[in-house]
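Got your viewer open? Let's take a walk through this model, one selection at a time.

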Amino acid sequence: MPETIITVFIYLPGETTAVPAGRFTHSSELGIGTFDYGQRYLKRPNALPVDPVALPLGVRPKEANVNEGLYGAFRDAAPDFWGRLVISYEMGVPPESISEIDYLLATNATRVGNLDFRNSPGETEPELNPPHFNQLHDIMEASIKIQSGEKIEKHLIHLLRQGTSMGGARPKCTVEWDNELWIAKFSGKGDSLNFPQIEYATIKLAARCGILTPEVQVVSVEGRDVFLTRRFDRKKSEKGWLRHGFISALSLMQWDELDRVKWDYPSIADMMRRYVSADDIRELYRRMVFNIMVRNTDDHPRNHGFLVQGDKISLSPAYDIVPSIARPGVGTTFDLAMGIGDEGRKANLKNAISRCGRFGLSKQETIQIINELKEVVSKWKEHFNKHGVSEKDIDALIPSFMIHGEFADIRL
Ligand SMILES: Nc1ncnc2c1ncn2[C@@H]1O[C@H](COP(=O)(O)OP(=O)(O)O)[C@@H](O)[C@H]1O
Ligand SMILES: [Mg+2]
């Protein structure tokens with residue numbers, strides 16, 4: 001059976017050069033991967049797991065047999081739809097013809113987290129070379145062309161590639177600006193609403209609801225709005241960029257991306273109890289309620305993340321929260337992407353309250369959180385207006401926030 005072997009590197013805390021942590025053997029045919037820590041790595045006093053859940057130190061590693069044989073932290077570091085499109089374009093082959101391992105090797109130093117994947121332990125350190133903010137216009141032009149299947153000049157695709165190794169489907173690129181790294185998310189081809197502006201206003205609303213959020217901005221690049229979110233997994237030091245580890249909730253749970261029936265907030269809360277603070281579990285609850293109130297139905301477990309700083313794991317700042325568009329006059333009931341409570345994924349507050357104990361919350365505390373959020377979210381129109389969303393887009397979003405009428409009727 002053909003197997004591929006690559007070396008997994010890690011940037012340890014305080015270091016800007018990665019060290020080899022071990023060998024990853026992968027069979028794309030079987031969809032199975034096995035990681036073994038290197039003996040020299042294990043002798044390091046500061047050694048950390050490359051995936052704190054799937055591959056803890058001091059335990060014989062189990063093979064990875066979900067998600068095509070990639071351990072969670074490896075999968076999180078791999079590109080998704082957008083990154084795959086850019087990588088395959090540069091390689092000149094269809095995205096489907098590239099193996100998971102080749103995608104891992106093709107990602108560059110702007111990928112999320114603190115891992116790196118190389119052909120051998122001796123391979124040299126790649127440069128972290130994201131484009132500068134003032135090149136955004138060229139990058140956006142390349143992103144528009146790639147979406148329309150047009151030919152792109154070599155230097156433009158190179159520019160886009162340098163910053164494109166993050167996950168997700170939306171066109172995006174990491175750029176450096178003011179000694180910080182930012183993810184620039186562009187409008188998608190054919191978007192009818194200004195999503196950069198809407199995502200910005202929604203993240204700001206989340207912040208007002210007491211949710212931990214990254215620094216965000218909207219900038220206009222030659223007439224087109226771009227949403228910028230500051231990378232929470234990178235920090236510039238005198239030596240260069242320092243990196244924090246990152247795992248998504250999918251990886252915390254070791255769920256399969258296709259096994260959607262398992263996805264469930266209270267189960268994440270149960271697992272969080274082993275790894276993170278009780279405050280973070282309450283924060284997850286707050287994010288779940290916020291997702292209900294703003295109809296963010298794309299709240300799948302890769303849109304929730306955790307930062308790994310040394311041996312400490314904490315909920316990452318929130319990201320990718322955008323109201324989904326609903327049709328006027330069509331029912332106000334909808335589901336989130338993950339289970340909420342006794343009524344499964346049904347997005348309503350009664351359901352959110354039903355399993356509050358699993359989040360370490362009493363009914364009283366839950367009601368307090370819900371009331372706090374209701375107070376803020378009910379003023380979403382003024383808030384969106386103040387944060388630059390156009391009248392036309394606010395009107396289009398009214399059906400997405402329709403549930404508020406119902407909320408007001410629920411006697412808590
Ligand atoms: N501020 C941030 N700092 C670091 N990583 C981030 C940040 N925001 C998002 N990410 C990572 O980038 C991925 C893609 O971003 P996301 O906003 O989810 O894009 P999309 O809308 O295309 O899904 C996320 O799944 C997460 O791993
Ligand atoms: Mg996403």
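Start by selecting D138, I139, E141, A142 and S143 in α5, then add L156, I157, L159 and L160 in α6: these two groups meet each other. One thing to keep in mind on the whole tour is that this is a predicted model. If you colour your selection by residue class, you'll find 6 nonpolar, 1 polar and 2 charged residues in the contact of α5 with α6.

Now show both helices in full. Helix α5 covers residues 136-147 and helix α6 covers residues 154-163. Their axes are 9 Å apart, and the packing angle is about 100°. An angle from 65 to 115 degrees counts as roughly perpendicular, so that is what we call α5 and α6.

**Next stop: α9 and α10**

Select residues 265-275 for helix α9 and residues 278-293 for helix α10. How do these two run relative to each other, roughly parallel or roughly antiparallel? Look at the crossing angle: it is roughly 165°, and the axes come within 9 Å. Anything over 145 degrees counts as roughly antiparallel, and therefore α9 and α10 get that description. Turn the view a little and you can check the handedness too: α9 passes α10 in a right-handed crossing.

To see who does the touching, pick Y265, I268, A269, M272 and R273 on the α9 side, and D280, I281, L284 and M288 on the α10 side. Sorted by class, the residues of this contact come out as 7 nonpolar, no polar and 2 charged.

**Stay on α10, add α12**

Keep α10 on screen and bring in helix α12, residues 363-377. Here the axes are 10 Å apart and the angle is about 40°. That falls outside the ranges for roughly parallel, antiparallel or perpendicular, so α10 and α12 are oblique to each other. This crossing is right-handed as well.

Which residues of α10 meet α12? Click on Y285, R286, V289, F290 and M293 in α10; their partners in α12 are I369, I370, L373 and V377. The class count for this contact is 8 nonpolar, no polar and 1 charged.

**Zoom out to the domains**

Give each domain its own colour. The domain assignment lists domain 1 (4-118), domain 2 (133-230) and domain 3 (244-409). Between the centres of domain 1 and domain 2 there are 25 Å. Where they touch, domain 1 puts in 15 residues and domain 2 puts in 16. Which helix gives the most on the domain 1 side? Select residues 81-91: that's helix α3, with 7 residues in the contact. Taken together, the domain 1 side has 7 nonpolar, 4 polar and 4 charged residues.

**Last stop: ligand 1**

Centre the view on ligand 1 and show what lies around it. There are 18 surrounding residues, and the closest are G168, R170, T229, Y319 and D320. With your domain colours still on, look at where the shell comes from: domain 2 and domain 3 each supply at least three residues. Finally, switch to colouring by class, and the shell divides into 7 nonpolar, 5 polar and 6 charged residues.

Terms used
Residues numbered from 1 in each chain as written. Chains lettered and ligands numbered in written order. Predicted model: local features only at pLDDT ≥ 70, side-chain atom pairs only at ≥ 80, totals over all residues. Axes fitted to C-alpha atoms, helices over the stretch in contact; angles between N-to-C directions. Helix = DSSP H or I, 4+ residues; strand = E, 2+ residues; numbered from the N terminus. Parallel < 35°, antiparallel > 145°, perpendicular 65-115°, else oblique. Left-handed = near helix turned anticlockwise from the far one by under 90°. Contact = placed C-beta atoms within 7 Å. Nonpolar A, V, L, I, M, F, W, Y, C, P; charged D, E, K, R; others polar. Near = placed C-beta within 6 Å. Domains from an automatic or database assignment.
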